[in-house]
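Biologist: I would like a close look at a single part of this model. Please keep the account plain and connected.

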Amino acid sequence: KKMGNSSFLRPSTFLLTGMPGVEGGNTWVAIPFCSMYVISILGNSTILLVIKADRSLRKPMYLFLCMLATADLGVSLSTLPTVLSVLLLDSRQIGFDACLAQMFFIHCFSIMDSGVLWAMALDRFVAIYNPLQYASVLTNHRIGLMGLGLVVRSVIFLVPLPILLRRLPFCRSRVLAHAFCLHPNLIQLPCADVRVNSMYGLFVLLATFGLDSLFIVLSYVMIIKTVLSIASKEERLKALNTCVSHICAVLVYYIPMIGLSMVYRFGKHVSPLIHVLMANIYLLVPPVLNPLIYSMKTKQIRRGICKLL
């Protein structure tokens with residue numbers, strides 16, 4: 001293809017990177033990664049099986065937990081093939097279209113994760129503010145519509161990303177900074193103006209993660225206001241205790257995401273190892289910890305796991 005006096009080819013492949021500085025010890029690095037994937041897949045699959053098997057758990061809180069487990073499984077399964085191929089097989093090549101597809105699914109499930117966390121905050125507010133009408137407000141039909149809306153939102157926002165990337169010339173390095181494809185990394189490689197891509201990426205970030213985090217904060221402001229109006233100290237503590245698991249899940253998700261965003265936007269001179277570690281923490285740690293958090297803090301889930309075993 002021609003562009004002015006210079007020629008360029010759309011890359012047929014990209015080269016993935018493992019952990020910078022420890023290339024010779026990839027097998028040892030693969031051990032904790034494999035362990036995390038096993039825990040994530042088994043943990044989230046167990047949550048889904050427990051809720052499916054126990055009819056008494058067909059309540060709004062647990063249906064939202066199903067959505068969270070599904071999104072976490074999606075994130076883990078989206079990164080697993082390339083991460084393990086790099087660390088175990090030293091196979092670093094990924095096709096251009098396969099890279100765009102992986103990028104799409106990683107970001108799609110991440111946005112779904114964020115949306116579900118906001119929906120779970122809303123669930124906690126309704127349960128505390130109006131417990132008598134909790135089941136009638138959050139019916140299965142409404143929860144299903146919310147889940148469908150979160151999926152549609154993710155897809156609509158992310159479809160333009162691969163389309164915008166496909167129009168760009170890649171005549172610089174084709175080496176990616178991670179063992180998977182992320183949009184902030186991909187837009188650093190073209191030898192053309194990427195302001196449209198960067199601005200749209202920022203818009204998606206603000207319109208999804210930004211709004212979700214704002215709604216979560218507002219939900220907890222209303223939850224605290226409602227709890228403070230409860231006369232009994234024991235009832236106040238009981239109401240707040242129902243939010244502990246969700247607060248932990250929010251912190252586990254948003255703290256690494258904010259850290260990764262800061263590193264990409266302002267940490268250009270930071271060691272590449274920091275970029276890689278932050279990306280891996282953001283994508284791998286929440287799917288590992290969420291089922292553990294809910295298993296430890298929720299009696300009904302623990303009982304369901306015991307019955308399943």
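Are Phe-96 and Phe-170 buried or exposed?

Modeller: This is a predicted model. Both Phe-96 and Phe-170 are buried. The rings around Phe-170 are a good place to start.

By the ring-centre rule, the count of aromatic pairs comes to twelve. One of them joins Phe-14 and Phe-170, with 5.6 Å centre to centre and 75 degrees between the planes, which is edge-to-face. Phe-14 sits in strand S3 (residues 13-15), while Phe-170 lies in the loop between H6 and helix H7 (183-186). The two are 156 residues apart, and the pair links distant parts of the chain. Phe-14, like Phe-170, is buried.

Phe-170 also pairs with Phe-96, again edge-to-face, at 5.7 Å centre to centre and with 70 degrees between the planes. Phe-96 belongs to helix H3, and here 74 residues separate the partners, so this pair counts as edge-to-face because its planes are over 60 degrees apart. Phe-170 in its loop is thus paired with a ring from strand S3 and with a ring from helix H3.

Phe-14 leads on to the nonpolar core. The largest such core has 91 residues, and Phe-14, Leu-65, Leu-117 and Leu-186 are those with the most contacts inside it. Several helices each supply at least two residues of this core, among them H1 (26-53), H2 (60-89), H3 (96-129), H8 (195-228), H10 (244-266) and H11. The largest share, 19 residues, comes from H3. In soluble globular proteins, nonpolar side chains tend to be buried together.

Leu-117 can be followed residue by residue. Not counting residues up to four places away in sequence, Leu-117 touches Leu-68, Ile-216, His-246, Ala-249, Val-250, Tyr-253 and Tyr-254. Two of these, Tyr-253 and Tyr-254, recur in an aromatic cluster, which they form with Phe-209 and Tyr-282.

A last site is Thr-298, found in the loop between helix H11 (272-297) and helix H12 (299-308). Thr-298 counts as buried because its relative accessibility is 5%, and the cut-off for buried is under 20%. The side chain of Thr-298 reaches the backbone oxygen of Tyr-294 at 3.1 Å. Leaving aside neighbours within four places in sequence, Thr-298 is in contact with Met-61, Tyr-62 and Ser-245.

Definitions and conventions:
Residues numbered from 1 in each chain as written. Predicted model: local features only at pLDDT ≥ 70, side-chain atom pairs only at ≥ 80, totals over all residues. Heavy atoms only, no water. Helix = DSSP H or I, 4+ residues; strand = E, 2+ residues; numbered from the N terminus. Buried < 20%, exposed > 50% of the residue type's maximum accessible area, 1.4 Å probe, protein only. Polar contact = N/O pair within 3.5 Å; in protein donor to acceptor, adjacent residues only side chain to side chain. Contact = heavy atoms within 4.5 Å. Core = buried A, V, L, I, M, F, W, Y, C linked by side-chain atoms within 4.5 Å. Phe/Tyr/Trp six-rings, centres within 6.5 Å; stacked < 30°, edge-to-face > 60°.
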